[in-house]
Structures are given as C-alpha cells and as structure tokens.
Amino acid sequence: MKLYISEGNPHCIKALAALELTGVKCEIEVISHEEKVVPHITHHVSPVLLLPSGQHLFSPNSICQYLYDISGQPATDATNQWLEWEATNLQPAVLQSLHMVALQGKRVEAAAVMKEHLNWLEQSLSKRNTAFLTAEEMSVADVVLWAALYPLLSDAGVEAGELLRGWFQRVGVLSACQTAAQTVLRGKGAEALKTFLQKHTAAHTQRRDIPTNTGDAEDGERVMSVEEIEGAAQVWSEGLKSAPAVTERKHPILPQEGKRNVLLTSALPYVNNVPHLGNIIGCVLSADVFARYGRLRGWNLLYVCGTDEYGTATENKAREEGLTPQEICDKYHTVHAAIYQWFQIDFDFFGRTTTERQTEIAQDIFWRLHERGFLLEDTVEQLRCESCQRFLADRFVEGVCPHCHYPEARGDQCDKCGRLINAVELRNPQCKVCKETPVIRSSKHLFLNLPKLEDELEQWLEKSIDSGDWTLNARHITRSWLRDGLKPRCITRDLRWGTPVPHQDYKEKVFYVWFDAPIGYLSITANYTDQWEKWWKNPQQVELYNFMAKDNVPFHSVVFPCSLLGAQDNYTLVNNLIATEYLNYEDTKFSKSRGVGVFGDMAKDTGIPSDVWRFYLLYLRPEAQDSAFSWADMALKNNSELLNNLGNFINRAGMFVSKFFDGCVPEMILNEDDKRLIAQVCWELKQYIQLLDKVRIRDALKCILNISRHGNQYIQVNEPWKKIKGGDGDRRRAGTVTGVSVNVACLLSAVLEPYMPTVSHTIRAQLQAPPTCTSAMLQGAGTFICTLPAGHRIGTVSPLFQKLENEQIEALRKKFGGQQTPSSSAATVETKPSVSAAQDASLNVSADPERAKQLTALVAEQGDKVRALKAQKAEKSVITEEVAKLIELKKQLCLAEGKNPEPAAPKGKKK
C-alpha cells in the first residue's frame, strides 16, 4: 500500500495519525498540491490510499476506517456515528473557520462559527465516564475528530470547555498524533494551510464522506477548473439534439444480442404477513430504484419478484384464520401486490411460488443433483412440539444461541452473530406458537453436499465478487461461512405444505424452504415467459442482480449457487449481490402483534404521499449500518429537503417563467456565474450516475439534493425578482438566471424518476418537457444540456410538496407506537397513580418481584428511547413527553421493589 499526502492539507493529519497508531505497514509519499494520483479524477486530491488491489481510497475518514479495520480494530456503531457527525456537521464548520483564521484573520468570527459544535462535543463528553469518545481505549473516532480540530484548538485562539480540552490533550499527547501534525503543518499552525485553503474556497467546497470501497466516486473537495467550466457550458448550450426514442416496454422482455441484459430480483417476501417499512426498503424498493434507473439508461432489464408461499409459517397462519394454506396464500398475495402497487414498485412480473412451474423446476434441479452425487442421506434429530403435534420448522423455534448466547436466536440462524444453527443446538428452546418446550425426535432426510461443491463455489465466488458489485456486508457474511467450512445442508422437511420431494423414499416430505424458495425466481420468470431459460441459462449474456436484507445473504451467495452449480445446467448465477442492514422503528423493532411500526398496508392511511415515503426510506436506507425510522426526522427531512430545498427551487424556477416571461423560457446569455453553476450541476450528475451504477442508492440521492441546493444559492445570489424591475441589462440577466434555473429543474425531474416517480412526472408535465430529455441526459457518463430552449412554453406551475405539521406527526407517532396492553409502557403511563397514591402504596404494599422484573426491562427500553431521541435531536416537546414516561416508569419500579418512589428532600434546602 501507499499513502499519498500533501503538506498543509489538514485532512492528511487524520490519515498519518491513523497509520502510525494502527501499525499498518505502508509507504508514504508527499505530493504537491498540483499532482494527481487518482487516474479518473482530473484534479488534485489528498490524502489518497492506494490499495494492493490497485483501487484508491480518497476520503480521509474512509482511509482511517480502513486502516483500523485491517489492523483488527473494526468500527462500531458508536464510532460510525461519530465519523458521520464529523463529516456532515463538524468538518464544514472547521473549514469555514480555517478560512476565516488563515486567510482573513477573523479569529473572533471563526470562534463563533465553532461555538455550537464545540459546546455539543463538551455536552457529549459530560455524559460519558470514559477517557475517550466511545470507550476507555482510543478509537478511530478520537483520531478523526482530534485531527479535524487540531489546527483550530492548537493555536487559533478558539476556546473549548474543560472536558473537551482534557480529551484533546489526552489524544494529542500521543507521539503518533504529534508527528502527524508536525509533518503536515511544519510547526506553522493554521498559517501552514493557506495554500490548501486558497485552492479550496469555502464557497465552492462540497464535502462528502460516503463509505468508499470502490474508489469510483469522488469524496473530498471539488474545485472547478476553467477547462471543466467552459466545457460543461459548451455542451449545455448545444441543447437537445438527438436522443434515443422513448419506447414502451413490450412483454415478454427477453435478452437481446449487443445490449446490456440485466436480470433483477428482490428477495421473495413471505406471504403469511404484511411487509413493514424495513422489508420494503431492504428488498423491493431498493430494487425498484435500480430497475427504473437501468431502464432510463437504456438497459434491457427484467425485474421479477413474487411471494414465497410454502412452509410452516403459512400452515400456522391458515390455522389462525380458519382457512386452508392455499386460501391464505391467495389472500396475502393480493395484499402484498396492493401494497407494492401503492409504493409504485414497477415489477415486470410479480408472481408466486405455489405453481406447477415451481414444482417442475425444483424437482428437475433435485434430480440433477441426485444423479450427479451431490445429495446425502442421513438421520437427523429434530425438535417436535407435542402440544402442536408437529415437527417445528426452524423459524418456529427460538432459544439461546449456542455461540453468542443471544436469547432470541431462531432455529436456523442467529440474527445477532449471523452463525448458522441446527435447531437442536439451541439452549432452552421454545415453540413460538404455544411456548412449550419441544422434544427431540429422529427423522431421515436428504442433504445437499456443500463440502463436495466447496472448491467450485470458491472459484465462482472469487470471480463474481472481483468482477461484480457485492456490498461489503455480503462479502463479509459469505467469507465467514467459507472460513468456518461448509457442512452438508438439509433440503427436506417433515411438513405438508411445500413442494413435494419426488423420491419414493421421501414421498411424505417436502423441500426445505431455503432449497425451494430461491428456485422461485426461476419459476416466476417461467410463469412470465415460456422462454425463461434465455434469462436463467444464459450467463454469457445476462447480468444477475439480487437485492435483499443481510439475513438472506448466505442462502443467495452459498446455498442456492451450490444447488445451481451442482445441477450442471449452465445456470445464470448472481453477479451483483446487494444487501442492506436492518431498518428499525424509532428505538425498537417493528412488531405487528404489538402494533409497533408502520406496515405497508398502513402507510397510505397516513395521508402522506407514497413518493414522500419512498424518499425518506431511501434517504435513510441502511447501507453500511442499521438505521432507524423516526417520525420527527421524517418531518424534518420532508420540510427541509423536500419542501424548502427541492420543492422551493423547482417552484421558484417555474414561477419566474410564468410570472415574468408569460410562460415562455427567456433568452439565456451565459456569464461566468452561470457557467460555473452548469459545471457544478454537471459534476453532480456524473457523480449520481457513477454512484447508481455501483448501486449506492442513498449516496446518489444526496447528489439530487446538492443540485437543487446549488440552484437555490444561484437564484438567491442573482435575485431575478429584483433585476426584472431594472433596465434592459438587468432584465436580460433575470431572463438568463430564470432560463438556466428552469433547465436545472428539468434535469431534477430526470434524476428524481427512480426515487420519486410521481413527482418526476409532475415536474415534467408542469414544464412540458420533451419526452426524450430524461434519456438524453442520463446516457453515458451523464450530460447536462439545455432541454428547454428560449421560446419553450411551460405549463401551469404548482407546489410539489406540503409541510408535515408537528401535530400531524405527533398523532402518527402515537398511533404507531404500540397497542395499549398491560405490559406496554404506554399503558403503564396511562394508568399511573397520583403521587399521593404512589406514596401511600410505597408504605403499604409489599414488593412484587415479578412486576419489578417487567418494569426493569421497560425502564431500560424507555431509557434507550429517550437517548435515541436526544441523539436524533428530536423536538423538545417529544423528548419531554418520553422523559415523563421514563420518570413514571421508574416510580412504578420503586413501588414494585417496595421502595418509596419520592426521593427525600436534599438536606439544607427548603422544599
């Protein structure tokens, strides 16, 4: 490896300190502020870490994370949160302050800019009893934040609180940190940064700190060269020439010679329940964004999905509702289809697994594996519930994980450590249906001989992962399976509702759902077209993308590929495996039974448009770590990003055309400011395409918001509403600004199409944009062009978004916060005794250990909720209400423990 740094670049302090502290062996090369070391970036950027693979990391934070990771100190949720805060909140303020100090001599003003952030850091440190930000030991978060603050806190006269100063000194005393600062600043302090800051003016700095494992998208400061600005303006001025004709999809879609043929699947949702927001973002919505994007790019793309309908879960649901399994499948398949339609998921075909084609294809793969010696027979011990009179499917037994001791591990896999489990290995197992303890019984079963296929699998995986786009979690999970060594995997089950095993000795059994369910992709395609093999037995022409949540990764990267490899029938295997982490609800998990969280059939009843739901879910898509849905944050993002940023810009641009120029786009005579805006927007468009090509959906969305943010700043600086009242020159200037702005709005309609299809179509309708404008701008690397020339008449302009009011959000938060059951904290608060009653009870009621145990858990849960709300900077009224609930729960816990819930008055003070 080689680390490239520049003297006088404050970001290099981070990388140098992290390198020294981790002990990673790496060559260091100092480069000038003009040298370019990343091949595909046309300007200087540093620090840059050249990896052994030839790829480049050029986000300072990503470099630090990578060095810590390979040294055996992986990031935690806590360090990731600090790094995100540093990149999005602290770093912009630091750069602004450094400009003031080093270039303008405004130390007092710089201190004012930093005050809020330093106070927040001081408060955060006051809430911890550890020497460093996340623990007693220093982490990557400490290195990054210390390095960011060093130029200001070391000699710029910026004041900091006692705790912050103490932490800053504890980190800074380390020789690695001192050496890094000396190497970069040469003892000159903030003065050493002048050259760097002059080349990275605050007005044109665009900070992005997105996880980078490909090196294909830039992460750092962006400064436009004269050549880039002039080139972008020239291309823009040439306007809409020829573009691919907009064609309607014609079914069946089949692979075509000479085209990019993309087969796209999202994990098949279980039919027996209603999907919640986490299910939707993890699979179908993420895949839909990529499918829409691919179609706009002109790819020949087929997107299939469907309901997974076999298994014990369906049998139990049928028993609960007094229906047959097939009737349950029919009912909930319709429910799923309606939900996805409301969310505007644009499948080419949405099928199901309870079909004749499923039986035919699954049994064919089974016989091919059998004939080629890839199946084993063995007698296994299974858990049987005598109360329910049935063998328990893996997902209907829970217990303590034998590996990590997680108390709610399933019978097939632990959600916490990710390890595979045989149900009989669980400690303290329980039947999830009746809560009884199951017994162990023996039964003869068939196994897929994974060890026999392991070498072939590893060869294929190496090629697929190297050449395709596999998310980092998909790679890690797959490697952990291989590292532990593959074991034979059972493919049959003692159930009634499933694809029947065609072997005479196993005619009473069905295929295990994880052998059977992925074959559903093939059978669903076969129900779409009789020519399904052109997609699924054509690896030479077809690229396969699988979308899923991380718990499905092993079955798509190991088990299912082994089935297809063993079948030896030229099957198309996955090239790109896209897995998300988990989306939680507020500070807990979604639970239909407890009424916690928003489920798909409820979203439309909120009155919030599906496009807004799509936007928010994609904005917090859990790509690198788990994320949490928050009502307060949803309102904030809607009101700030959609209403005040995106909607405000598009509406103003259109209204200026209507109000000042009678609905016709005016003549545009570009000056340097206009050209710079066009170049900035063009660069964001190219970033958007690079990111979406790599399926970095959340990061690409930020590019859209950056474009509208540039547009708002452009309008605000140029004030066309004032210039239109001036002389001829001012009126021409107002016309140019208005014309350029409305063309940026047209581009926004194009890039919004994958994310917010209804809003996208509405914008194009209001602007009466030409049908080919979207495909023209999204071809190749991306081209921002003038699609609405002078004289183009637009339609009627109206607002795109509505404000989400606090009262509305609070009502929704309460509605979806959980049922009022005796065991819920909400019910506890509702039935709280008065203070006097509580005091009386504490004196007269004996302790209730069982109740105390329940309340202890509720107090912990409510405490986590309060802390999460504070971390999310939720509104004060929301936090206050939750704190009140926490206090009340603590009082009731005191009562249950036989204590007085009212603390004694402090001595020496009057009550």
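In this predicted model, the side chains of Glu810 and Arg813 come together in a salt bridge, with N and O 2.6 Å apart. Both residues belong to helix α29, which covers residues 806–815. They sit 3 residues apart along that helix, or about one turn. Glu810 and Arg813 are also both buried. As a bit of background, side chains of opposite charge can pair when their charged atoms come close.

That pair has plenty of company, since the whole structure turns up 42 salt bridges. Take Asp569 and Arg368, whose side chains form one of them at an N to O distance of 3.8 Å. Here the partners come from distant parts of the chain, 201 residues apart. Arg368 is part of helix α13 (residues 356–371), while Asp569 belongs to the loop that runs between α19 (553–567) and β18 (576–580). As for exposure, Arg368 has a relative accessibility of 17%, so it counts as buried.

Another salt bridge joins Arg384 to Glu386, and its closest N and O atoms are 3.8 Å apart. What about the surroundings of these two? Arg384 comes out as buried, because its relative accessibility is 19% and the cut-off for buried is under 20%. Glu386, at 34%, counts as partly exposed.

Salt bridges can also link up into a bigger group, and this model has a network of them. Its members are Asp288, Arg292, Arg614, Glu753 and Arg764.

Now for the cysteines. How many disulfides does a search of the whole structure find? The count is 0. Cys283, for example, takes part in no disulfide, and the nearest cysteine sulfur, which belongs to Cys305, is 7.6 Å away. Cys283 is a buried residue, with 11% relative accessible area.

Cys414 is another case to look at. The closest cysteine sulfur to its own is that of Cys404, at 3.6 Å. Why is there no bond between Cys414 and Cys404? A disulfide needs the two sulfur atoms to be within 2.5 Å, so a gap of 3.6 Å is too far. Cys414 is buried as well, and its relative accessible area is just 1%.

Key:
Residues are numbered from 1 along each chain as its sequence is written. This is a predicted model: local features need pLDDT of at least 70, side-chain atom pairs count only at pLDDT 80 or more; totals for chains, interfaces and linings use all residues. Side-chain values use heavy atoms; hydrogens and water are left out. Buried means under 20% relative accessible area, exposed over 50%, partly exposed in between (1.4 Å probe, protein chains only). A salt bridge is a side-chain nitrogen of Lys or Arg within 4 Å of a carboxyl oxygen of Asp or Glu. Helices (H or I, at least four residues) and strands (E, at least two) are DSSP runs, numbered from the N terminus.
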